[in-house]
Amino acid sequence: DTENHPVLATLYEGIQMTDDGLTKALAKNKLFKFGAAGDKFDPNLHEALFEYPDENMEAGAIGQVMKVGFMLNKRVIRPAEVGVIKKV
């Protein structure tokens, strides 16, 4: 809603640009973010904070990402904190 809240829209755009720049700088040094909704839960990469039912997604999939994880040279330095879909 950029018309009603131009200051907030500008702030959001600045935060997004900062995040993009930081992500690119980290990627140059082989530090990558991981953990996205819809990925299969892997206990070696993810830390499950909670489970919840969702009929639209497969059981065992990641439904929500609370904190993204980070990998450095293919090694996990911070697991992604996620919410996992359970059977209904």
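**Notebook: two sheets, a helix and a core**

I began with the turn: β4 and β5 form a hairpin with 2 residues between them, and N73 in the turn has a positive phi of about 50°. I note that helices (H or I, at least four residues) and strands (E, at least two) are DSSP runs, numbered from the N terminus. Two strands count as paired if DSSP finds at least two bridges between them.

I record that this is a predicted model, in which local features need pLDDT of at least 70 and side-chain atom pairs count only at pLDDT 80 or more, while totals for chains, interfaces and linings use all residues. Residues are numbered from 1 along each chain as its sequence is written, and side-chain values use heavy atoms, with hydrogens and water left out.

**Entry 1. The sheet that holds the hairpin**

I looked up the pairing of β4 and β5 and found it antiparallel, over 3 bridges. In this pairing L72 stands opposite R75 of β5. Both strands belong to an open sheet of 3 strands, ordered β1-β4-β5, with antiparallel pairing. The edges are taken by β1 and β5 (75–78), each with a single partner strand, so one side of each has no neighbour in the sheet. I read an average twist of 35° from one strand to the next; for such angles, axes are lines fitted to C-alpha atoms, for helices over the stretch in contact, and angles run from 0 to 180 degrees between N-to-C directions.

On the other side of β4, I counted 4 bridges to β1, with β4 spanning residues 69–72 and the two strands running antiparallel. L31 has L72 as its bridge partner in β4, and F34 stands opposite G69 in β4.

I then checked what lies against this sheet. Helix α1 packs on the sheet, touching β1 and β4, and its direction makes about 125° with that of β1. Contact here means heavy atoms within 4.5 Å.

**Entry 2. Charged pair**

I searched for salt bridges (a side-chain nitrogen of Lys or Arg within 4 Å of a carboxyl oxygen of Asp or Glu). The structure holds 1. K33 and D19 form a salt bridge through their side chains, at 3.0 Å from N to O. K33 lies in β1 (residues 31–34) and D19 in α1 (residues 6–28), so the pair ties together parts that are 14 residues apart in sequence. Side chains of opposite charge can pair when their charged atoms come close.

For accessibility I used these classes: buried is under 20% relative accessible area, exposed is over 50%, and partly exposed is in between (1.4 Å probe, protein chains only). K33 counts as partly exposed at 38%, and D19 counts as partly exposed at 30%.

**Entry 3. The second sheet**

I found another open sheet of 3 strands, with the order β2-β6-β3 and mixed pairing. Its edge strands are β2 (46–53) and β3 (62–67), each pairing on one side only. The twist averages 25° from one strand to the next. β3 is joined by 4 bridges to β6 (residues 80–86), and these two strands run antiparallel. I62 stands opposite V84 in β6.

**Entry 4. Core and its surroundings**

I looked up nonpolar cores, defined as sets of buried Ala, Val, Leu, Ile, Met, Phe, Trp, Tyr and Cys residues joined through side-chain atoms within 4.5 Å. The largest has 5 residues: F34, I62, A80, V82 and V84. Its largest share, 3 residues, comes from β6. In soluble globular proteins, nonpolar side chains tend to be buried together.

Not counting residues up to four places away in sequence, F34 touches ten residues' worth of partners that I list only in part, including L45, H46, V68, M71 and A80. H46 is in β2 and counts as buried at 6% relative accessibility. With the same sequence exclusion of up to four places, H46 touches residues including F34, I62, A80 and V82.

**Entry 5. Along β2**

I searched for aromatic pairs, for which rings of Phe, Tyr and Trp (its six-membered ring) must have centres within 6.5 Å; planes under 30 degrees apart count as stacked, over 60 as edge-to-face and the rest as tilted. The whole structure gives 1 such pair. The rings of F50 and Y52 have centres 5.9 Å apart and planes at 35°, so the pair is tilted. F50 is partly exposed at 29%, whereas Y52 counts as buried at 18%.

E51 is also in β2 and counts as exposed at 54% relative accessibility. Leaving aside neighbours within four places in sequence, E51 is in contact with V84 and K86.
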